[in-house]
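Have the sequence and the 3D view open while you read. Here is a quick tour with a few stops worth clicking on.

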Amino acid sequence: MVRGRLERAFASVQPPPRLVDWSLFVCVSIEAATGLLSFTVGTPDRWYVFWLHRTVGLAIVALLAFKLARVRHRIVDRDRWDSATPLSVLTAVAALGTLATGIAWVVGVGSEGRIAYWTLLSVHVGFGLALVPLVVAHLATRFRLPRQTDFRERRTALKFAGLFVGGAVVYRLQETANAVLDTGGSDRRFTGSRPAEGEGNDGFPITSWVADDPDPIDPDAWSLAVSGLVESPLKLDAVEPDATRHALLDCTSGWYTVQKWQGVRVGDLLDEAGTLENASHVRFVSVTGYRWTLPIGEARNALLATRVGGEALSHGHGAPVRLVAPGRRGFQWVKWVVRVEVRDRTDSAQWLVTLISGFDS
Ligand SMILES: Nc1nc2c(c(=O)[nH]1)N[C@H]1C(S)=C(S)[C@@H](COP(=O)(O)O)O[C@H]1N2
Ligand SMILES: [Mo]
């Protein structure tokens, strides 16, 4: 009785199956795009990237529920497996893993929000990256284009509107509930990152990409080159910290810290070297090859820091000198800087270089 009523209620809110599949594909694409894009957002003016990611994510929860309810017999019943079923199951597992870790991260489950070494957010990113090719392959084996009849009903549009409004409302309620229950999900930035409390080197985690792990740098053997589109290239054996900046480092693995950084203004170095007319960008290169490029105006305002929280920068945090780029996400704050290159263009290869940096050494 109850079950029959539930099933009827479910059927009445369920969009046509082909549209569910198609919407899942569109939503997963939006999630991949906004998820990757969110890595470049460091200032609140682009908050909507995160908002969209969360709202569409919650819509996927509903769409996936419809979908799994529809195909469950094909999965549970081993006799109905075909050659494409294992891929479908794998896709479902990746989708559920992505959603579960994403939701757990937002809600603030677990005191540290970590699974072993990784933050839940990093695991979420891992699942998400695995999901994209799986969905594409799954589509290739199962996809049927939506038909015109799928769109004909006005109620279908309403169901979809309901899905997304529902997603936004649930997200808003969750924020309120988090604040009231104080789950640890409430003190985060708009990026979802949580505070690392403490001052100086021990106040925040050391975070490096994959294989970027150089030996400690001997300050006597170290030098900083300022080169490229400059009148007179510089080679500095040491930098004297004469500028201070309180800046927020927000890592894409989900933590942030506000520290007092001391070092030299990049603008001062550039003035000393004298930039040429076509200089428009500045590239910061690590001893490991890891690098990032900023537009010159922004770069001038950045700091090459030797100190944090009143202490000399530790090796793990990038000694002798690391970039402090206010408003940028943590991965752009290059550590162990050895070269400052003035250029006339940005550097699109940097995306790849940061990922593979360290593997070649
Ligand atoms: N050379 C180099 N710089 C790097 C990284 C790296 O792997 N190699 N990791 C980046 C990342 S992902 C972050 S969040 C910050 C972290 O700085 P921290 O280790 O001092 O906390 O450094 C950035 N700078
Ligand atoms: Mo990071």
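The notes below go through a sheet, a ligand site and two backbone oddities.

## Before you start

Keep in mind that this is a predicted model.

## The five-stranded sheet

Let's begin with the strands. Five of them make up an open sheet, and reading across it you get β5-β4-β13-β8-β9, with mixed pairing. At the borders sit β5 (234–236) and β9 (291–295), the edge strands, each of which pairs on one side only. If you look at how neighbours in this sheet are set against each other, the average turn is 15 degrees, with direction ignored.

As a reminder, strands of a sheet pair through backbone hydrogen bonds, and they can do so in a parallel or an antiparallel way. For a pair to zoom in on, try β8 and β13. Strand β8 covers residues 281–286, strand β13 covers residues 337–343, and the two run antiparallel with six bridges between them. Want a single rung of that ladder? Pick V282, whose bridge partner in β13 is V342.

## Where ligand 1 sits

Now for the ligand. Which residues come nearest to ligand 1? There are 22 residues around ligand 1, and P205, W209, D212, H317 and K335 are the ones that come nearest.

Several polar contacts are easy to find on screen. On the side-chain front, D212 places a polar atom 2.5 Å from a nitrogen atom of ligand 1. The backbone joins in too: a polar backbone atom of P205 is 2.7 Å from an oxygen atom of the ligand, and a backbone N or O atom of W333 lies 2.9 Å from a ligand nitrogen. How much of ligand 1 does the protein bury? Taken alone, ligand 1 exposes 530 Å², and 99% of that is buried by the protein. As for the space itself, ligand 1 takes up the second largest pocket.

## Two backbone oddities

Finally, two loop spots to check by eye. The peptide bond joining A319 and P320 is cis, with omega at about 5 degrees. You'll find P320 in the loop between β11 (311–312) and β12 (322–324).

The other spot is W336, which is not a glycine but still has a positive phi, near 55 degrees. W336 belongs to the loop between β12 and β13. From there you can get back to the sheet, where β13 sits between β4 and β8 in the strand order.

Technical notes
Residues are numbered from 1 along each chain as its sequence is written. Chains are lettered from A and ligands numbered from 1 in the order in which they are written. This is a predicted model: local features need pLDDT of at least 70, side-chain atom pairs count only at pLDDT 80 or more; totals for chains, interfaces and linings use all residues. Side-chain values use heavy atoms; hydrogens and water are left out. Two strands pair if DSSP finds at least two bridges between them. Helices (H or I, at least four residues) and strands (E, at least two) are DSSP runs, numbered from the N terminus. Axes are lines fitted to C-alpha atoms, for helices over the stretch in contact, and angles run from 0 to 180 degrees between N-to-C directions. A residue is near a molecule or strand if one of its heavy atoms lies within 4 Å of it. A polar contact is a pair of N or O atoms within 3.5 Å; within protein, one must be able to donate a hydrogen and the other to accept it, and residues adjacent in sequence count only if both atoms are side-chain atoms. Accessible areas come from the Shrake-Rupley method with a 1.4 Å probe; for residues, only the protein chains shown count as cover. On a 1 Å grid over the protein atoms alone, a cavity is a set of points where a 1.4 Å probe fits but cannot get out, and a pocket is an open set with protein on both sides within 12 Å along at least five of seven lines; lining residues have an atom within 4 Å of a point. A molecule sits in a cavity or pocket if more than half of its atoms lie within 2 Å of its grid points.
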